[in-house]
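Biologist: Could you take a close look at a single part of this model, the surroundings of one loop serine, and set that part in the context of the whole chain?

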Amino acid sequence: MSLSDAQTFLRQGFVLPDNPDCFHSNPEDAGRFVNHSEHFNVGMNGALRDIKAGEELTMDYNFHGNPEWYRQICRQYG
């Protein structure tokens, strides 16, 4: 797998907190358009406040599971 392909695969993936041993990847998931931020405007059930036109959609990724094996992969290919 090329570095570019690995990076794309990881950007489309996530680990759920109730199943930290399983990596999920869904290239059709709209979450691929949401970036991480500590000052997020989107939650699990949608927008947390009015979002201005052109404003970046952000979410706190920490609600997902972040097992060490996943962090290592992200460090390697991120």
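Modeller: Helices, of at least four residues, and strands, of at least two, are taken here as DSSP runs and numbered from the N terminus. On that basis this predicted model holds two helices and six strands, which follow one another along the sequence in the pattern α-β-β-β-β-β-β-α.

The part to look at closely is S37, which sits in the loop between β3 (35–36) and β4 (42–43). S37 has a relative accessible area of 16% and therefore counts as buried, the cut-off for that class being under 20%. Its side chain offers a polar atom that lies 2.9 Å from the backbone nitrogen of H39, a residue a little further along the chain. Once the neighbours within four places in sequence are left aside, S37 is in contact with T58, M59 and D60. The picture of S37 thus joins a side-chain to backbone approach at H39 with contacts to T58, M59 and D60.

For the chain as a whole, buried residues such as S37 make up 21% of the 78 residues. Of the contacts with a separation of 6 or more, 42% are accounted for by residues 24 or more positions apart. The accessible surface comes to about 5,800 Å², and carbon and sulfur atoms contribute 52% of that area.

Elsewhere in the chain, strand β1 (residues 13–16) and strand β2 (residues 19–25) pair in the antiparallel sense over four bridges, and a hairpin of two residues joins β1 to β2. Within this pairing, G13 has S25 of β2 as its bridge partner.

A search of the whole structure finds one salt bridge, in which the side chains of E55 and R49 meet at 2.5 Å, N to O. E55 counts as partly exposed because its relative accessibility is 26%, and R49 is likewise classed as partly exposed, at 42%; the class covers values between the 20% and 50% cut-offs.

As for how far the prediction can be read, the chain averages a pLDDT of 80, and 88% of the residues score at least 70. Among the elements, the lowest mean pLDDT, 75, belongs to helix α2 (residues 68–77), whereas the highest, 90, belongs to strand β5 (residues 46–47).

Note on methods:
Residues numbered from 1 in each chain as written. Heavy atoms only, no water. pLDDT = per-residue confidence, 0-100. Buried < 20%, exposed > 50% of the residue type's maximum accessible area, 1.4 Å probe, protein only. Polar contact = N/O pair within 3.5 Å; in protein donor to acceptor, adjacent residues only side chain to side chain. Contact = heavy atoms within 4.5 Å. Pairing = 2+ DSSP bridges. Areas by Shrake-Rupley, 256 points an atom, 1.4 Å probe, with all protein chains shown as cover. Salt bridge = Lys/Arg side-chain N within 4 Å of Asp/Glu carboxyl O.
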